[in-house]
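Trainee: I have just opened this one and would love some help reading it. Could we go through the terms together?

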Amino acid sequence: MPAAPVSKTPDRIAGMFDAIAGRYDLLNHILSLGIDRRWRTRAIRSLALTGRERVLDLCTGTADLAVAARAATPPAQRVVGVDFAGAMLRVGQEKLRRLGLEAAIVLVRGDAVRLPVADRSVDAVTIGFGIRNVENMQAVCDEMHRVLAPGGRIAILEFAIPTVPGVRGAYLWYFRHVLPWIGRLVSRHRGAYEYLPASVSAFETSDEFVTILRRSGFVEIFAVPLTFGTVFLYTGRRHA
Ligand SMILES: C[S@@+](CC[C@H](N)C(=O)[O-])C[C@H]1O[C@@H](n2cnc3c(N)ncnc32)[C@H](O)[C@@H]1O
């Protein structure tokens, strides 16, 4: 059955993330049982960094993926994180201060569909659990392609509903009943953790998202299932 459409206007999405910003990291770690850190490390590893790369992290939120790019060995040389939710960025900025990463990572308020970034100026673009929130995914993928230098890589993490029969049933139950309840309890926000399962159900299948990436011009695209297919890592490159 096709999932019901989910409203993704920028004001609604930014407002929702602003409202949960203070509890976002904690909830991420609780709801994923701490596995989210491993997903981010895996995504950054796929970029095969050499220590010289300029990385753009879209929908950066509280900057965990940007931090993972600097924590890698070797690390990205410089990371710019972009997000339109000011409160998420403020939590991220405080994290950078605590970690002493303010010089290496710059956070900018902006919309991923209109990046304030020059053509062919970055070596890699990452997105962690942000693409399903975007109204116009094709526009964001076109922007990623525009700003990437030839041969540049992308790494995108996004949730998915697993297809393995036993796992699927258990996951849907957790996702629809347990997760919204814990989310509401910890974040004290009614809608945000009902939006999460709704937006994941409405997100394109991995095949459909790969088609969007291909349409933007990306090549060598792979969709790799992680943790029983609850998350996919999408990788690809701009033509050299
Ligand atoms: C689920 S959070 C992910 C945060 C972080 N990347 C992570 O891995 O935890 C999604 C973020 O995407 C941001 N976002 C959604 N659509 C956006 C857009 N069009 N432009 C910029 N940020 C956007 C939201 O404000 C939110 O902070």
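Mentor: Gladly! The secondary structure of this protein comes to eight helices and seven strands. Keep in mind that the model is predicted.

Trainee: What makes the radius of gyration of the protein agree with that of a compact globule?

Mentor: A compact globule of 240 residues would have a radius of gyration near 18 Å, and the protein has 17 Å, so the two agree. Along the principal axes, the C-alpha atoms fill a box of roughly 45 × 40 × 30 Å.

Trainee: Why is Val140 called buried?

Mentor: The word applies because 20 or more other C-beta atoms lie within 10 Å of the residue's own. Val140 is among the buried residues of helix 5, along with Met137, Cys141 and Met144. Of the protein's 240 residues, 40% count as buried.

Trainee: Which residues is Val140 in contact with, leaving aside its neighbours within four places in sequence?

Mentor: Those are Leu58, Ala112, Val113, Ile131 and Val134. Contact here means C-beta atoms within 7 Å. The buried residues of helix 5 pack against strands 1, 4 and 5 and against helix 8.

Trainee: Which residues touch the most other members of the largest nonpolar core?

Mentor: Val140 is one of them, and Leu56, Leu58 and Val147 are also included; the core has 64 residues. Its largest share, six residues, comes from helix 1.

Trainee: And what surrounds the ligand?

Mentor: The shell has 13 nonpolar, six polar and three charged residues. Helix 1 gives the largest share, four residues. Cys59, Gly61, Ala85, Ala112 and Gly128 come nearest to the ligand.

Conventions
Residues numbered from 1 in each chain as written. Predicted model: local features only at pLDDT ≥ 70, side-chain atom pairs only at ≥ 80, totals over all residues. Near = placed C-beta within 6 Å. Helix = DSSP H or I, 4+ residues; strand = E, 2+ residues; numbered from the N terminus. Nonpolar A, V, L, I, M, F, W, Y, C, P; charged D, E, K, R; others polar. Buried ≥ 20, exposed ≤ 12 C-beta atoms within 10 Å, placed from the backbone. Contact = placed C-beta atoms within 7 Å. Core = buried A, V, L, I, M, F, W, Y, C linked by C-beta atoms within 7 Å. Rg over C-alpha atoms; globule rule 2.2 N^0.38 Å.
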